Amino acid sequence: PAIEAGRRERDMIAVRKSGERGHADYGWLDTFHTFSFNDYHDPKYMGFRALRVINEDRVAPEAGFPTHGHRDMEILTYVVDGALQHKDNMGNGEILRPGEIQRMSAGRGVTHSEFNASRGEPVHLLQIWIQPASRGIEPGYEQIRIGGDVTAERLQLIASPEGGPGAVRIHQDVRLYRGLMLPGVTVEHPMDSARHGYVQLISGALTLNGKTLKAGDGAAVSEESSLEITASEDAEFLLFDLA
């Protein structure tokens, strides 16, 4: 379901402020939920199009998520700082670091664990769930280094239905871009009128079609022909282009 809260007539960018997100601090895990998740429930924020979860997690040293299961979800993990150890019942065991992207297709069912093996440094990550186009697919896993040289003048595709160099393949009509921008730089992303967007700002500050976003803010976009993004500080963000 689309986000409707806070929208005015002819205003098709709905900003989700960082401090309005669900939040929980378990000591070993400090987590913010853009959409309803676990004990946090808000019927206005159940997801946006196929995008179901954006959790911003900080995991303490020598702590993590014990082995648990998932079904019928495309799970993307993006590490901002630190390193995250992944193990699953498909035989994969990897360390995920900044500059990489991981995709796990839960499909008919997988179990996995995630752990911060550092003795002194927390790990800061975003975990993203996308509802797949079909249920019951073969479970799968992919972790790659994000390809190409990152410049401040363009967005970088890191996940898509086709996959390819520097991008993992996801089983849904969603394209995920990373932006790393210097202050004063502007990028433009054309939007098909039938598609939707979601911007999640990880750090820094920017304007999105004139609306100001600060670290942790998100914005759901509909019926916009293009997105003009200008950084007012060093900015790192994710942009979802959604059916």
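## Strand S18, its sheet and two nonpolar cores

In this predicted model, strand S18 pairs with strand S21 (residues 226-231) in the antiparallel sense, and 3 bridges join the two. Strand S18, which covers residues 205-208, also pairs with S19 in the antiparallel sense, here over 4 bridges. Leu206 takes part on both sides, since its bridge partner in S21 is Ala231, while in S19 Leu213 stands opposite Leu206.

| Partner of S18 | Bridges | Residue opposite Leu206 |
|---|---|---|
| S21 | 3 bridges | Ala231 |
| S19 | 4 bridges | Leu213 |

S18 and S19 form a hairpin with 2 residues between them, and in its turn Asn209 has a positive phi of about 50 degrees. These strands belong to an open sheet of 4 strands, whose order is S16-S21-S18-S19 and whose pairing is antiparallel. Strand S16 (186-190) and strand S19 (211-214) stand at the edges with a single partner strand each, so one side of each has no neighbour in the sheet. From one strand to the next, the twist averages 25 degrees.

Turning to the interior, the largest nonpolar core has 27 residues, and Leu51, Leu76, Tyr78, Ile130, Tyr198, Leu238 and Phe240 are those with the most contacts inside it. Several strands each supply at least two residues of this core, including strand S4 (51-59), strand S17 (196-203) and strand S22 (235-242). When residues up to four places away in sequence are not counted, Phe240 touches, among others, Leu51, Ile54, Ile128 and Tyr198. A second, separate core has 20 residues, among them Ile13, Leu206, Val221 and Ala231, and two of these names, Leu206 and Ala231, are the bridge partners met above.

Methods
Residues are numbered from 1 along each chain as its sequence is written. This is a predicted model: local features need pLDDT of at least 70, side-chain atom pairs count only at pLDDT 80 or more; totals for chains, interfaces and linings use all residues. Side-chain values use heavy atoms; hydrogens and water are left out. Two strands pair if DSSP finds at least two bridges between them. Axes are lines fitted to C-alpha atoms, for helices over the stretch in contact, and angles run from 0 to 180 degrees between N-to-C directions. A nonpolar core is a set of buried Ala, Val, Leu, Ile, Met, Phe, Trp, Tyr and Cys residues joined through side-chain atoms within 4.5 Å. Buried means under 20% relative accessible area, exposed over 50%, partly exposed in between (1.4 Å probe, protein chains only). Contact means heavy atoms within 4.5 Å.
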